[in-house]
Amino acid sequence: MTLLWIAFAVLLLPALWLLIAPLRRARAVHDAQRDHEANDRTAAQNVEIFQRRLASLEAARERGDIDQAGFEESRLELERGLLEDTESLKRAPLKASASGRLVVPLVMVLVVVASVLWYQREGAEGDLTLLVLQQEVQNHPDGSIEMLVERLEEQAVRQPRNPNVWSSLFPLYRDLGQGREAIHALERLIEIEGRHPSLLGQLAQIEFFVADRQLTPRVQALVDETLERDSSQPTVLGVLGIEAFDRSAYEAAIDYWRRAIAGMSDPASGEALREGIRIAQERLGVTPDAEPVMGDAQGPGIRVRVSLDDTLEGQLGEQATVFVVARDLEGELPPLAVARFRASELPVEVVLDERNAMSPEASLAQVREARLMVRVSASGDATPQAGDLFGGRDGVPVGATDGEPIEVVIDRVFE
């Protein structure tokens, strides 16, 4: 932290120098202005011009070119012009070059104080403290998760409104099996950040496990609120799948887990749910190879064959994930169906049907034609990012899936 404040001081020095610099030139500017005003002959030149024009008028009157009334009128105009020129040349007395010098130190102090206060309010001093704290624990010979939790709890007292403190404490409490503490940390985070579906989903999940995998009224309320805000929130769908599996409702568990996988950005979590789906299918007496997503459709559907263009070969890493999304042509509904698999499986055939729907309000049964969009994410993130690979087809008919598959080639890179 000392180095940080030294850096701030160094950055403030140029700003303070800009405030002081005009004072060094104040004397020279004052003397130059004084000399200019002393040698300024503009007023004398205006008087000379007035006298010449007045003499011309008198000569014209003596010759009879103008009468006395015309002479008086013209002389009045000359006098008025001379008066206006003289008024415009009036200057305020020059102030001493040292006047106002006391204001500069005051402004310098205000700049420093304002900068410090602004940083304390808007800066990331608290986050920097957390980073330094974590590095100290990692480098400590006796460093441990318990030590890190203890240090973070101290920061929670000092920085109760810093969301990064609570977002750091929550997973540590959870991993240490301190469920109540994890719930408290997550509730504080929600209080600061707002009731975002992802946070509510995590709170529902930890409350579910603390309640011994029971959908208590509290957990059910959190689940309902989360799905109301985001009907495809994967954490909550995963919880509902676990609850359904525990009560032997394997078909419902498979459905929840498939919908959860479609919205997940963590490949490891997706693999865990796929393993859960495999076990649930075995309990139902269905072999994994007959998984409905890749086989016959349930209701109207689309059979899709996804392949990668030859020019993009070699651009896919081990973690690359393929998302196949069906949408209505107008783009007014949520995704009608979503399937997800590893890019290493390409080329592959996928059957999209009602079981791939993201929500009960939108499914392939509602449309006759759909738009297919295929995206390959190098990180497995469900949110499109620069560098993702794309492919798609418009106007794909929805119906029987026993015919030839619709070919979709991944042939573009998202900029």
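At 35% relative accessibility, Glu181 counts as partly exposed. This residue is found in helix H8, and together with Glu150, Glu153 and Glu154 it forms a negative surface patch. Helix H6, spanning residues 145-158, supplies the largest share of that patch, with 3 residues. The model described here is a predicted one, which is worth keeping in mind as the tour moves from surface charges to charge pairs, rings and a strand residue.

Side chains of opposite charge can pair when their charged atoms come close. In this structure, the number of salt bridges comes to 17. Helix H8 appears again here, in a contact between Glu187 and Arg218 whose closest N and O atoms are 3.3 Å apart. The two partners belong to distant parts of the chain, with Glu187 in helix H8 (residues 179-193) and Arg218 in helix H10 (residues 217-229), a separation of 31 residues. Glu187 has a relative accessibility of 32% and therefore counts as partly exposed. For Arg218 the value is 38%, so this residue is also classed as partly exposed, a label that covers the range between 20% and 50%.

Helix H10 also holds a more local pair. Arg229 and Glu225 meet through their side chains in a salt bridge, with an N to O distance of 3.3 Å. Because these residues lie 4 positions apart in helix H10, about one helical turn separates Arg229 from Glu225. Arg229 has a relative accessible area of 49%, which makes this residue partly exposed, given that the exposed class begins over 50%.

A further bridge connects two strands. The side chains of Arg303 and Glu349 come together at 3.4 Å, N to O. This pair, too, joins distant parts of the chain: Arg303 sits in strand S1 (residues 302-308) and Glu349 in strand S4 (residues 348-352), 46 residues apart. The two ends of the bridge fall into separate accessibility classes, since Arg303 is buried at 15%, under the 20% limit, whereas Glu349 is partly exposed at 33%. Beyond these pairs, salt bridges also link Arg161, Arg188 and Glu191 in a network.

Turning to the rings, the count of aromatic pairs comes to 3. In the pair made by Phe208 and Phe209, the ring centres are 5.4 Å apart and the planes stand at 70°, so the arrangement is edge-to-face, the class for angles over 60 degrees. The two neighbours differ in their cover: Phe208 is buried, with a relative accessible area of 0%, while Phe209 counts as partly exposed at 37%. Elsewhere, ring pairs bring Phe245, Tyr250 and Trp257 into a cluster.

Finally, strand S7 (residues 406-410) contains Val408. With a relative accessible area of 1%, Val408 is buried. Along the chain, Val408 and Met373 are 35 residues apart, and their C-alpha atoms are separated by 8.5 Å.

How values were computed. Residues are numbered from 1 along each chain as its sequence is written. This is a predicted model: local features need pLDDT of at least 70, side-chain atom pairs count only at pLDDT 80 or more; totals for chains, interfaces and linings use all residues. Side-chain values use heavy atoms; hydrogens and water are left out. A salt bridge is a side-chain nitrogen of Lys or Arg within 4 Å of a carboxyl oxygen of Asp or Glu. Buried means under 20% relative accessible area, exposed over 50%, partly exposed in between (1.4 Å probe, protein chains only). Patches are made of residues with over 30% relative accessible area and no salt bridge: like charges are joined within 9 Å, nonpolar side chains (Val, Leu, Ile, Met, Phe, Trp, Tyr) within 5 Å. Accessible areas come from the Shrake-Rupley method with a 1.4 Å probe; for residues, only the protein chains shown count as cover. Lys and Arg count as positive and Asp and Glu as negative; His and the chain ends are not counted. The place of a charge is taken as NZ of Lys, CZ of Arg, CG of Asp or CD of Glu. Rings of Phe, Tyr and Trp (its six-membered ring) pair if their centres lie within 6.5 Å; planes under 30 degrees apart count as stacked, over 60 as edge-to-face and the rest as tilted.
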